[in-house]
Amino acid sequence: MKTFLFSILAALLLFVPNAAAHTYISETTPQDGSTVTENVQQVVLTFEGKIEEGSTFKVVAADGTEYTPQSISLVDGVLTGTFDPALPNETYTVKWNTISQDGHPLSGEFGFTVDAPIVEQPTENVEEESVEQESVEPVETTEQVNDKDAEKSNSPLMLVGGLLVIIIIISIVALAKRKKA
């Protein structure tokens with residue numbers, strides 16, 4: 001009986017790494033807390049492991065204005081958002097939401113400041129032309145992690161975990177009955 005319980009314990013320990021195998025952010029560009037002195041047209045989040053499609057982020061300025069990337073790409077755990085035109089000089093917080101490979105939704109944030117030199121157009125004496133500056137349009141978005149996708153990714157792990165719990169309970173009940181008899 002000890003061998004049986006040891007086997008159950010060993011099988012349970014084999015699945016613990018999978019249950020705790022969340023993916024965490026390992027690097028960002030711009031770096032967290034940095035002051036960038038050039039135009040920022042891309043924000044890159046690099047994760048330790050793979051993340052699922054549907055992962056996203058938004059950039060929020062200090063005044064609360066939200067900037068959503070024009071395009072987001074996901075390649076081998078690297079989530080890249082492109083802004084056109086570049087983000088204006090400001091302090092920003094990047095708020096990200098991802099789905100790790102094991103199906104768990106994860107979120108976090110980091111911040112940076114853009115302090116790029118402003119290039120002035122040379123003026124001529126003939127006539128001054130007014131130059132309109134392009135600005136990044138703030139967009140309000142609400143993207144939610146699809147719980148059905150997370151449940152699909154988790155279902156095999158949940159099934160195995162449930163079966164192990166049932167086996168352990170049956171073993172405990174059998175041991176208790178054997179001791180009483």
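The following exercises work through a sheet, a loop serine and a buried strand in a predicted model.

Residues are numbered from 1 along each chain as its sequence is written, and side-chain values use heavy atoms, with hydrogens and water left out. Because the model is predicted, local features need pLDDT of at least 70 and side-chain atom pairs count only at pLDDT 80 or more, while totals for chains, interfaces and linings use all residues.

**Exercise 1.** Determine in which order the 4 strands of the open sheet are arranged, and which strands lie at its edges.

*Solution.* Begin with the strands, which are DSSP runs of E with at least two residues, numbered from the N terminus, and take two of them as paired if DSSP finds at least two bridges between them. The order is then S1-S3-S7-S6, with antiparallel pairing. Next, look for strands that pair on one side only, which gives strand S1 (25–29) and strand S6 (71–75) as the edges. Finally, examine one pair: S6 is joined to strand S7 (residues 78–87) by 5 bridges in the antiparallel sense, and within this region Leu74 stands opposite Leu79 in S7.

**Exercise 2.** Establish whether Ser55 is buried or exposed, and which partners its side chain has.

*Solution.* First locate Ser55, which is found in the loop between strand S3 (40–47) and strand S4 (56–61). Its relative accessibility is 8%, so Ser55 counts as buried (buried means under 20% relative accessible area, exposed over 50%, partly exposed in between, with a 1.4 Å probe and protein chains only). Then list the polar atoms around the side chain: the backbone oxygen of Glu52 is reached at 2.7 Å, and the backbone nitrogen of Ile99 lies 3.3 Å from a polar atom of the Ser55 side chain. Lastly, leaving aside residues up to four places away in sequence, Ser55 touches Ile72, Leu79, Asn97, Thr98 and Ile99, where contact means heavy atoms within 4.5 Å.

**Exercise 3.** Explain why S4 is described as largely enclosed, and identify the strands with which S4 pairs.

*Solution.* Start from accessibility: 5 of the 6 residues of S4 are buried, and therefore S4 is largely enclosed by the rest of the structure. Then turn to the pairing, where strand S8 (residues 90–99) is antiparallel to S4 over 6 bridges, with Phe57 standing opposite Trp96 in S8. Strand S5 (residues 66–67) also runs antiparallel to S4, joined by 2 bridges, and here Val59 stands opposite Tyr67 in S5. To finish, inspect the connection: S4 and S5 form a hairpin with 4 residues between them, and Gly64 in the turn has a positive phi of about 95 degrees.

Key:
A polar contact is a pair of N or O atoms within 3.5 Å; within protein, one must be able to donate a hydrogen and the other to accept it, and residues adjacent in sequence count only if both atoms are side-chain atoms.
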